[in-house]
Amino acid sequence: MPKGQTKRRPKTTERLLDAALETFADRGFYGASIEEICDRADLTRGAFYYNYRTKEDLFFALFDLHAQRVIDRLTRAIDEMRDAPDPLSTLIARTSAVDDSERRWYLLSTEFTLHAIRNPESARALAEHDRRLRDEIVRLLGTLFDRLDRRVTVDLDSLARFITALHEGALAQSLVEPDRLAPDELATTYLPPLIKAISRSQAKRKTSP
């Protein structure tokens, strides 16, 4: 690859990803065309096909980008929670914020999930990306329980699936009824007692002299 193209490629992919997220959110995964994405990015179709084969490839690039942001946000929140008076509630609040980018991603990921349910090959690819993200969440859950000084008594992979389902379901309801349900309300109400129910304190008991 010529040196100039090597330097330009990260900027090209960044423009394509930004344009794709906006176009998919506005038009839907099915409704958005490669031409529309290229027009919004002010790039040619050749630039698109130089970097991606299909719209699905573009979606999974967006998935991995979003997944890394999720991991980074969780990592920062877990690192910062140690000095908080209510560590778990603080963690939930810091990881439940919903901005416009998160709303666009939710619209896209929900539609693509329906697409994957109808298409076994897409479902397998989505499940693999989900698994890689979930592995990182499991690792962070292990760190979280250590910070809380508690020993978990359930399978962490299953717990990661449950927390993901709670987050996505609560976000859907919050986006439909923003005046009735805050994005973090269900997690704030139900996760702390759940965490206590599925774990045991590791604090050493004081013994009499």
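A residue counts as buried when its relative accessible area is under 20%. Keep that cut-off in mind. The model you see above is predicted.

Let's start with one residue, Thr-23. Is Thr-23 buried or exposed? Its relative accessibility is 2%, so Thr-23 counts as buried. Thr-23 sits in helix H1, which covers residues 3-27. And what does Thr-23 touch, once we leave aside neighbours within four places in sequence? The contacts are Gly-28, Ala-32, Glu-36, Ile-37 and Arg-40.

Now the opposite case, Lys-196. This residue is in helix H9. Its relative accessible area is 59%, and the cut-off for exposed is over 50%, so Lys-196 is exposed. Here is a distance for scale. Asp-130 lies 66 residues from Lys-196 along the chain. Their C-alpha atoms are separated by 26 Å.

Let's step back to the whole chain. There are 209 residues, and 37% of them count as buried. How many helices and strands does the chain have? There are 9 helices and 2 strands. Read from the N terminus, the order is α-α-α-α-α-α-α-β-α-α-β. The C-alpha trace spans about 75 × 45 × 35 Å along its principal axes. Next, contacts along the sequence. Take the contacts with a separation of 6 or more. Of these, 67% join residues 24 or more positions apart.

Next, helix H2, residues 34-41. Which of its residues are buried? They are Ile-34, Ile-37, Cys-38 and Ala-41. Looking down the axis of H2, these buried residues fall within an arc of 95°, so they line one face of the helix. There is a general point behind this. An α-helix has 3.6 residues a turn, so residues three or four places apart point the same way. One of the buried residues, Ile-37, we have met already, as a contact of Thr-23. Just after H2 comes Asp-42. The phi of Asp-42 is positive, near 60°.

Now to helix pairs. Two packed helices are described by the angle between their axes and the distance between the axes.

First pair: H4, residues 55-80, and H6, residues 100-118. They pack at an angle of about 130°, with axes 11 Å apart. That makes H4 oblique to H6. The crossing of H4 past H6 is left-handed. Which residues meet here? From H4 we have Glu-56, Phe-59, Phe-60, Leu-62, Phe-63, His-66, Arg-69 and Arg-73. From H6 they meet Ser-101, Glu-102, Trp-105, Leu-108, Ser-109, Phe-112 and His-115. By class, that contact has 7 nonpolar, 4 polar and 4 charged residues.

Second pair: H8, residues 156-176, and H9, residues 185-197. Their packing angle is about 160°, and their axes are 10 Å apart. Why do we call H8 and H9 roughly antiparallel? Angles over 145 degrees count as roughly antiparallel, and the angle here is about 160°. So H8 and H9 are roughly antiparallel to each other. H8 passes H9 in a right-handed crossing. On the H8 side, the residues are Phe-162, Ile-163, Leu-166, Ala-170 and Gln-173. On the H9 side, they meet Leu-186, Ala-187, Leu-191 and Leu-194. The class count for this contact is 8 nonpolar, 1 polar and no charged residues.

One last pointer. H9 also holds Lys-196, our exposed residue from earlier. Find that one on the structure, then look for Thr-23 in H1.

Technical notes:
Residues are numbered from 1 along each chain as its sequence is written. This is a predicted model: local features need pLDDT of at least 70, side-chain atom pairs count only at pLDDT 80 or more; totals for chains, interfaces and linings use all residues. Side-chain values use heavy atoms; hydrogens and water are left out. Axes are lines fitted to C-alpha atoms, for helices over the stretch in contact, and angles run from 0 to 180 degrees between N-to-C directions. Helices (H or I, at least four residues) and strands (E, at least two) are DSSP runs, numbered from the N terminus. Angles under 35 degrees count as roughly parallel, over 145 as roughly antiparallel, 65 to 115 as roughly perpendicular and the rest as oblique. A crossing is left-handed if the near helix is turned anticlockwise from the far one by less than a right angle, and right-handed if clockwise. Contact means heavy atoms within 4.5 Å. Ala, Val, Leu, Ile, Met, Phe, Trp, Tyr, Cys and Pro count as nonpolar, Asp, Glu, Lys and Arg as charged, and the others, Gly among them, as polar. Buried means under 20% relative accessible area, exposed over 50%, partly exposed in between (1.4 Å probe, protein chains only). The arc is that of the directions from the helix axis to the C-beta atoms.
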